[in-house]
Amino acid sequence: CLRLSVTAEPAVALQVAVAVARLARFDYPREWPGLFDELLSALGQAEGRPEEACRVYAVLHHALKELASKRFVADQERFRL
C-alpha cells in the first residue's frame with residue numbers, strides 16, 4: 001500500500017513524489033502493476049483532507065510525467081494503452 005506522509009514538509013513531499021515517480025518509471029507495469037490502483041485508493045482515502053490529496057496528485061503528476069518521457073518504443077506503446 002502506498003502511504004504518503006501528510007506531516008512532511010513541502011520540499012520533502014516533493015522529493016517523495018519524484019522518488020516514487022522514478023521507481024514507477026522502472027517498475028511499472030511489470031514489477032508494480034497496481035501503481036495507479038494504489039494512487040486512486042490513496043486519493044479516495046484522502047477525501048476531506050485536501051493536503052493529503054494534493055500530495056497524491058503530486059505523485060500522480062510526476063509518475064505520469066516520468067512514464068510519458070520513456071524513450072523505448074515498447075514502453076511508449078504500453079503507456080498509450
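A crossing of two helices is called right-handed if the near helix is turned clockwise from the far one by less than a right angle. Keep that in mind for this tour of a predicted model.

**First stop: the helix pair.** Select residues 10–27, helix α1, and residues 50–68, helix α3. Turn the view until you can follow both axes: they come within 8 Å and cross at roughly 40°. The two helices are therefore oblique to each other. Now look at the handedness, where α1 passes α3 in a right-handed crossing.

**Second stop: the contact between them.** On the α1 side, show P10, A13, L14, A17, V18, V20, A21, R22, A24 and R25. Across from them, on α3, add R55, A58, V59, H62, A63, E66 and L67. Colour this selection by residue type and you will find 12 nonpolar, 1 polar and 4 charged residues.

**Third stop: E66.** Stay on helix α3 and centre the view on E66. Is this residue buried or exposed? E66 has a relative accessibility of 16%, and because buried means under 20%, E66 counts as buried.

Which residues does E66 touch, leaving aside those up to four places away in sequence? Select A21, R22 and R25 to see them. Then draw the side chains of E66 and R22: they make a polar contact at 3.3 Å.

**Last stop: a distance to check.** Pick the C-alpha atoms of E66 and V18. These two residues are 48 residues apart along the chain, and their C-alpha atoms are separated by 8.9 Å.

Methods
Residues are numbered from 1 along each chain as its sequence is written. This is a predicted model: local features need pLDDT of at least 70, side-chain atom pairs count only at pLDDT 80 or more; totals for chains, interfaces and linings use all residues. Side-chain values use heavy atoms; hydrogens and water are left out. Axes are lines fitted to C-alpha atoms, for helices over the stretch in contact, and angles run from 0 to 180 degrees between N-to-C directions. Helices (H or I, at least four residues) and strands (E, at least two) are DSSP runs, numbered from the N terminus. Angles under 35 degrees count as roughly parallel, over 145 as roughly antiparallel, 65 to 115 as roughly perpendicular and the rest as oblique. Contact means heavy atoms within 4.5 Å. Ala, Val, Leu, Ile, Met, Phe, Trp, Tyr, Cys and Pro count as nonpolar, Asp, Glu, Lys and Arg as charged, and the others, Gly among them, as polar. Buried means under 20% relative accessible area, exposed over 50%, partly exposed in between (1.4 Å probe, protein chains only). A polar contact is a pair of N or O atoms within 3.5 Å; within protein, one must be able to donate a hydrogen and the other to accept it, and residues adjacent in sequence count only if both atoms are side-chain atoms.
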